[in-house]
Amino acid sequence: MSTGIFVGSFDPYTVGHDSIVRRALPLFDRIVIGVGVNERKSYMQGADVRKRKIEELYADEPKIEVKTYSDLTIDFAHRELAEYIIKGVRSVKDFEYERDQADINRRLGAVETVFFYAEPELASISSSVVRELAHFGKEVDEFLPKKL
(Lines give C-alpha, C1' and ligand atoms only; values in the text may rest on other atoms or scores of the structure.)
Protein backbone atom coordinates (compact mmCIF):
# COMPACT_ATOMS: atom_id res chain seq x y z
CA MET A 1 0.00 0.00 0.00
CA SER A 2 1.56 3.31 -1.08
CA THR A 3 1.14 6.40 1.07
CA GLY A 4 1.98 9.96 0.16
CA ILE A 5 1.80 13.01 2.36
CA PHE A 6 0.89 16.46 1.06
CA VAL A 7 1.98 19.09 3.54
CA GLY A 8 1.70 22.83 3.99
CA SER A 9 0.20 25.53 6.14
CA PHE A 10 -2.82 25.67 3.80
CA ASP A 11 -3.77 29.12 5.08
CA PRO A 12 -5.95 29.05 3.04
CA TYR A 13 -6.21 25.82 1.04
CA THR A 14 -6.43 26.92 -2.60
CA VAL A 15 -7.63 25.51 -5.92
CA GLY A 16 -3.96 24.91 -6.68
CA HIS A 17 -3.61 22.64 -3.65
CA ASP A 18 -6.80 20.84 -4.60
CA SER A 19 -5.53 20.32 -8.15
CA ILE A 20 -2.33 18.68 -6.89
CA VAL A 21 -4.19 16.32 -4.55
CA ARG A 22 -6.73 15.28 -7.17
CA ARG A 23 -3.99 14.64 -9.73
CA ALA A 24 -2.02 12.60 -7.16
CA LEU A 25 -4.98 10.43 -6.12
CA PRO A 26 -4.60 7.80 -8.87
CA LEU A 27 -0.96 7.22 -7.89
CA PHE A 28 -1.46 6.45 -4.19
CA ASP A 29 -3.54 4.11 -2.08
CA ARG A 30 -3.60 6.73 0.67
CA ILE A 31 -2.87 10.45 0.84
CA VAL A 32 -2.47 12.20 4.18
CA ILE A 33 -2.84 15.96 3.98
CA GLY A 34 -0.69 17.40 6.74
CA VAL A 35 -1.76 20.81 8.00
CA GLY A 36 1.41 22.31 9.37
CA VAL A 37 1.51 24.29 12.59
CA ASN A 38 4.54 26.50 13.17
CA GLU A 39 4.64 28.38 16.48
CA ARG A 40 6.71 31.13 14.84
CA LYS A 41 4.04 31.90 12.22
CA SER A 42 0.76 33.71 12.60
CA TYR A 43 -2.19 32.31 10.70
CA MET A 44 -5.41 33.73 9.31
CA GLN A 45 -7.24 30.62 10.54
CA GLY A 46 -6.39 28.20 13.33
CA ALA A 47 -5.13 24.71 12.51
CA ASP A 48 -8.39 23.07 13.59
CA VAL A 49 -10.39 25.29 11.21
CA ARG A 50 -8.01 24.64 8.31
CA LYS A 51 -8.11 20.89 9.02
CA ARG A 52 -11.92 20.78 9.24
CA LYS A 53 -12.38 22.68 5.95
CA ILE A 54 -10.05 20.33 4.10
CA GLU A 55 -11.77 17.29 5.63
CA GLU A 56 -15.13 18.63 4.42
CA LEU A 57 -13.75 19.10 0.91
CA TYR A 58 -12.68 15.44 0.72
CA ALA A 59 -15.47 13.92 2.81
CA ASP A 60 -16.41 11.62 -0.09
CA GLU A 61 -12.84 10.48 -0.80
CA PRO A 62 -11.86 7.47 1.37
CA LYS A 63 -8.21 7.57 0.27
CA ILE A 64 -7.65 10.98 1.89
CA GLU A 65 -6.99 11.71 5.57
CA VAL A 66 -6.26 15.13 7.07
CA LYS A 67 -4.06 15.60 10.14
CA THR A 68 -2.21 18.42 11.84
CA TYR A 69 1.47 18.28 12.70
CA SER A 70 4.02 20.61 14.26
CA ASP A 71 7.33 18.85 13.79
CA LEU A 72 9.56 18.12 10.82
CA THR A 73 7.88 16.89 7.65
CA ILE A 74 10.17 13.85 7.58
CA ASP A 75 9.03 12.89 11.09
CA PHE A 76 5.40 13.29 10.06
CA ALA A 77 6.10 11.10 7.00
CA HIS A 78 7.60 8.39 9.19
CA ARG A 79 4.65 8.45 11.63
CA GLU A 80 2.25 8.07 8.71
CA LEU A 81 4.39 5.31 7.15
CA ALA A 82 4.60 7.41 3.99
CA GLU A 83 7.02 6.50 1.26
CA TYR A 84 6.45 9.75 -0.63
CA ILE A 85 6.08 13.46 -0.07
CA ILE A 86 3.82 15.14 -2.64
CA LYS A 87 4.80 18.67 -3.60
CA GLY A 88 3.41 21.21 -6.02
CA VAL A 89 5.76 23.41 -8.03
CA ARG A 90 4.63 26.69 -9.60
CA SER A 91 7.93 28.17 -10.76
CA VAL A 92 11.68 27.69 -11.01
CA LYS A 93 11.99 29.44 -7.64
CA ASP A 94 9.62 26.88 -6.08
CA PHE A 95 11.48 24.04 -7.75
CA GLU A 96 14.89 25.06 -6.40
CA TYR A 97 13.56 25.37 -2.84
CA GLU A 98 11.60 22.10 -3.04
CA ARG A 99 14.51 20.23 -4.63
CA ASP A 100 16.71 21.16 -1.66
CA GLN A 101 13.99 20.03 0.76
CA ALA A 102 13.59 16.77 -1.17
CA ASP A 103 17.33 16.10 -0.97
CA ILE A 104 17.37 16.67 2.80
CA ASN A 105 14.28 14.52 3.37
CA ARG A 106 15.75 11.69 1.33
CA ARG A 107 19.01 11.91 3.33
CA LEU A 108 17.24 12.07 6.69
CA GLY A 109 14.70 9.39 6.13
CA ALA A 110 14.74 7.66 2.75
CA VAL A 111 11.46 9.26 1.69
CA GLU A 112 11.13 10.31 -1.94
CA THR A 113 9.47 13.51 -3.10
CA VAL A 114 7.12 13.49 -6.08
CA PHE A 115 6.68 16.83 -7.86
CA PHE A 116 3.54 17.95 -9.62
CA TYR A 117 3.83 21.05 -11.76
CA ALA A 118 1.02 23.54 -11.35
CA GLU A 119 -1.43 23.80 -14.17
CA PRO A 120 -0.56 27.03 -16.04
CA GLU A 121 -3.83 28.73 -15.13
CA LEU A 122 -3.17 28.05 -11.42
CA ALA A 123 0.55 28.85 -11.28
CA SER A 124 0.09 32.39 -9.93
CA ILE A 125 -2.20 31.33 -7.07
CA SER A 126 -0.63 31.01 -3.64
CA SER A 127 -2.00 31.10 -0.12
CA SER A 128 -0.06 34.29 0.61
CA VAL A 129 -1.57 36.07 -2.41
CA VAL A 130 -5.06 34.94 -1.41
CA ARG A 131 -4.48 36.11 2.18
CA GLU A 132 -3.32 39.51 0.98
CA LEU A 133 -6.28 39.94 -1.36
CA ALA A 134 -8.67 38.96 1.44
CA HIS A 135 -6.94 41.34 3.84
CA PHE A 136 -7.66 44.23 1.49
CA GLY A 137 -11.28 43.21 1.03
CA LYS A 138 -11.01 41.63 -2.42
CA GLU A 139 -13.18 38.69 -3.44
CA VAL A 140 -11.17 35.44 -3.30
CA ASP A 141 -13.78 32.75 -3.98
CA GLU A 142 -12.35 31.93 -7.40
CA PHE A 143 -9.07 30.91 -5.73
CA LEU A 144 -10.69 28.52 -3.21
CA PRO A 145 -12.20 25.09 -3.86
CA LYS A 146 -16.00 25.32 -4.10
CA LYS A 147 -16.76 23.43 -0.86
CA LEU A 148 -14.51 25.78 1.15
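What do the buried residues of α2 pack against? I will start there, and keep in mind that this is a predicted model.

Helix α2 covers residues 47-57, and within this helix A47, R50, I54 and L57 are buried. These residues sit on the same side of α2, because the arc they cover around the axis is only 95 degrees. As for the partners, the buried residues of α2 pack against helix α1, residues 15-24, and against two strands, β2 at 30-36 and β3 at 64-69. R50 has a further role in the picture: its charged end sits over the ring of Y43, at 4.0 Å from the ring centre.

Now the sheet. Five strands make up an open sheet with parallel pairing, and the order is β3-β2-β1-β4-β5. β3 and β5, the latter at residues 112-117, are the edge strands, each pairing on one side only. On average, neighbouring strands of this sheet are turned by 30 degrees against each other, ignoring direction. As a reminder, strands of a sheet pair through backbone hydrogen bonds, either parallel or antiparallel.

One pairing in detail: β1, residues 3-8, runs parallel to β4, residues 84-89, and three bridges join the two strands. G4 is the residue opposite Y84 of β4. Across β4 and β5 lies helix α4, residues 92-109, and α4 runs at about 160 degrees to β5.

Next, the aromatic residues. How many aromatic pairs does the structure hold? There are six aromatic pairs. One of them is F6 with F10: the ring centres are 5.3 Å apart and the planes stand at 35 degrees, so this pair is tilted. F6 counts as buried, since its relative accessibility is 4%, and F10 counts as buried at 3%. Y13 and Y58 also form an aromatic pair, this one edge-to-face, with 6.1 Å from centre to centre and 90 degrees between the planes. Y13 is in the loop between β1 and α1, whereas Y58 is in the loop between α2 and β3, so their pair ties together parts 45 residues apart in sequence. Y13 and Y58 are both buried. Ring pairs link these four residues, F6, F10, Y13 and Y58, into a cluster.

H17 belongs in this part of the talk too. H17 is in helix α1, and it counts as buried because its relative accessible area of 17% is under the 20% cut-off. Which residues is H17 in contact with, leaving aside its neighbours within four places in sequence? The contacts are F6, F10, P12 and S127.

That brings me to the backbone of the loop between β1 and α1, where both F10 and P12 are found. Most residues other than glycine have a negative phi, and most peptide bonds are trans. F10, which is not a glycine, has a positive phi, near 50 degrees. The peptide bond that joins D11 and P12 is cis, with omega at about 5 degrees.

There is another positive phi to mention. L81, again not a glycine, has a phi of about 55 degrees. Its place is the loop between α3, residues 73-79, and β4. Is L81 buried or exposed? L81 counts as exposed, because its relative accessibility is 66%; F10, by contrast, counts as buried at 3%.

That is what I have on this model.

How values were computed. Residues numbered from 1 in each chain as written. Predicted model: local features only at pLDDT ≥ 70, side-chain atom pairs only at ≥ 80, totals over all residues. Heavy atoms only, no water. Buried < 20%, exposed > 50% of the residue type's maximum accessible area, 1.4 Å probe, protein only. Helix = DSSP H or I, 4+ residues; strand = E, 2+ residues; numbered from the N terminus. Arc of directions from axis to C-beta. Contact = heavy atoms within 4.5 Å. Pairing = 2+ DSSP bridges. Axes fitted to C-alpha atoms, helices over the stretch in contact; angles between N-to-C directions. Phe/Tyr/Trp six-rings, centres within 6.5 Å; stacked < 30°, edge-to-face > 60°. Lys NZ or Arg CZ within 6 Å of the ring centre and 35° of its normal.
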